[in-house]
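Colleague: Could you take me through this model and show how each label is earned? I'd like to hear the reasoning as well as the verdicts.

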Amino acid sequence: MSFKLPDLTYDYNALEPHIDARTMEIHHTKHHGAYTSKLNDAVSGTDLEGKTIEEILAGISGHSPAVRNNGGGFYNHNLFWEVMGPDGGGKPSGDLADAIEKDFGSFDAFKEEFNNAAATRFGSGWAWLVKQDGGKLVVTSSPNQDNPLMDIAEVKGTPILGLDVWEHAYYLHYQNRRPEYISAFWNVVKWEEVARRFAG
């Protein structure tokens, strides 16, 4: 079984004006496409064939840099596309909203912490909202294509929201203005999907 580049559930222009169609198309077909292809090459003929991406990431310290980088890139982008949508924005509700209130004090305090994690991640990487064992929510960031599922992660848990802060995710539209891109992201967050992952 090889890994496959997922189809998006919305058009490349669906997130405009917050994320432009050209960036979406290049990001999905070229960047995510390359991570998918290279991950398949890296696991081909090894004992990782047939394992899920989550199983592979859980033991990433024992695998090659190619598996780490491309496996992370494959998983991270799968999540990224799913937690965004043209009907996004607003605020979470229900159990997720209660958990954010409990663990961060308020939704605005959570957003501020997440924005800071995204803005201060040096170079390329990701900002995450993570559900840890026991249900506690924490914000963290990781370099390159690492994520909190990996056994080498500083902060471990299950990512339920992720923001790509590699320059390829925003440079065509925002150039070096990463904070503007981070701010725009909140207009496309699909909270029902984040809540589904929180409940899972």
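Modeller: Happy to. Let's start with Asp-103, which has a relative accessible area of 19% and is buried. Bear in mind throughout that this is a predicted model.

Colleague: Why is Asp-103 called buried?

Modeller: The label goes to residues under 20% relative accessible area. Asp-103 comes out at 19%, so it counts as buried.

Colleague: Where does Asp-103 lie, and what does it touch?

Modeller: Asp-103 lies in helix α4. Leaving aside residues up to four places away in sequence, Asp-103 touches Gly-135, Lys-136 and Leu-137.

Colleague: Leu-137 brings us to the strands. What stands opposite Leu-137 of β2?

Modeller: That is Lys-131. Further along the pairing, Gly-125 has Pro-143 in β2 as its bridge partner.

Colleague: How do you know that β1 and β2 pair?

Modeller: Two strands pair if there are at least two bridges between them. β1 and β2 have 7 bridges, in the antiparallel sense, so they qualify as a pair. They also form a hairpin with 5 residues between them, and in the turn Gly-134 has a positive phi of about 95 degrees.

Colleague: And what makes β1 and β3 a pair?

Modeller: The same test of at least two bridges applies. β1 and β3 are antiparallel over 6 bridges, so they pass. One of the partnerships joins Ala-127 to Leu-163 in β3.

Colleague: Why is β2 described as largely enclosed by the rest of the structure?

Modeller: Of the 7 residues of β2, 5 are buried, so the strand is largely enclosed. β1 is mostly covered, with 6 of its 7 residues buried.

Colleague: Let's turn to a helix. How do you know that the buried residues of α8 line one face?

Modeller: The buried residues in question are Trp-191, Glu-193, Val-194, Arg-197 and Phe-198. Looking down the axis of α8, they fall within an arc of 160 degrees, so they line one face of the helix. As background, an α-helix has 3.6 residues a turn, so residues three or four places apart point the same way.

Colleague: What covers those buried residues of α8?

Modeller: The cover includes the helices α3, α4 and α5, together with the strands β1, β2 and β3.

Colleague: Now the pockets. What lines the largest pocket, and how much space lies in it?

Modeller: About 200 Å³ of space lies in the largest pocket. Its lining includes Ile-53, Tyr-75, Glu-82, Thr-158, Arg-196 and Arg-197. The elements that give two or more residues to this lining are α2, α3, β3 and α8, and α3 gives the most, with 4 residues.

Colleague: What is the chemical make-up of the lining of the largest pocket?

Modeller: It divides into 5 nonpolar, 3 polar and 4 charged residues. Gly-200 is in the lining, and glycine counts as polar in this scheme.

Colleague: How many residues line the second largest pocket, and which are the closest to its centre?

Modeller: The second largest pocket has a volume of about 170 Å³. It is lined by 13 residues, and the closest to its centre are Ser-141, Ser-142, Pro-143, Ala-153 and Glu-154. Strand β2 provides the largest share of the lining, 4 residues. By chemistry, the lining divides into 5 nonpolar, 4 polar and 4 charged residues.

Colleague: I'd like to finish with the backbone. What makes the phi of Asn-144 worth noting?

Modeller: Most residues other than glycine have a negative phi. Asn-144 has a positive value, near 55 degrees. Asn-144 is in the loop between β2 and β3.

Colleague: Why is Asn-144 called partly exposed?

Modeller: Partly exposed falls between the limits of 20% and 50%. At 40% relative accessibility, Asn-144 sits in that range, so the label fits.

Colleague: Where is Gln-175, and what is its phi?

Modeller: Gln-175 is in the loop between α6 and α7, with a positive phi near 50 degrees. Its relative accessible area of 30% lies between those limits too, so Gln-175 is partly exposed.

Colleague: One last check: why is the peptide bond from Glu-16 to Pro-17 called cis?

Modeller: Its omega is near 5 degrees, and the bond is cis. Most peptide bonds are trans. Pro-17 is placed in the segment before α1.

Technical notes
Residues are numbered from 1 along each chain as its sequence is written. This is a predicted model: local features need pLDDT of at least 70, side-chain atom pairs count only at pLDDT 80 or more; totals for chains, interfaces and linings use all residues. Side-chain values use heavy atoms; hydrogens and water are left out. On a 1 Å grid over the protein atoms alone, a cavity is a set of points where a 1.4 Å probe fits but cannot get out, and a pocket is an open set with protein on both sides within 12 Å along at least five of seven lines; lining residues have an atom within 4 Å of a point. Grid points are joined across faces, edges and corners, and a volume is the space filled by probe spheres set on the points. Buried means under 20% relative accessible area, exposed over 50%, partly exposed in between (1.4 Å probe, protein chains only). The arc is that of the directions from the helix axis to the C-beta atoms. Contact means heavy atoms within 4.5 Å.
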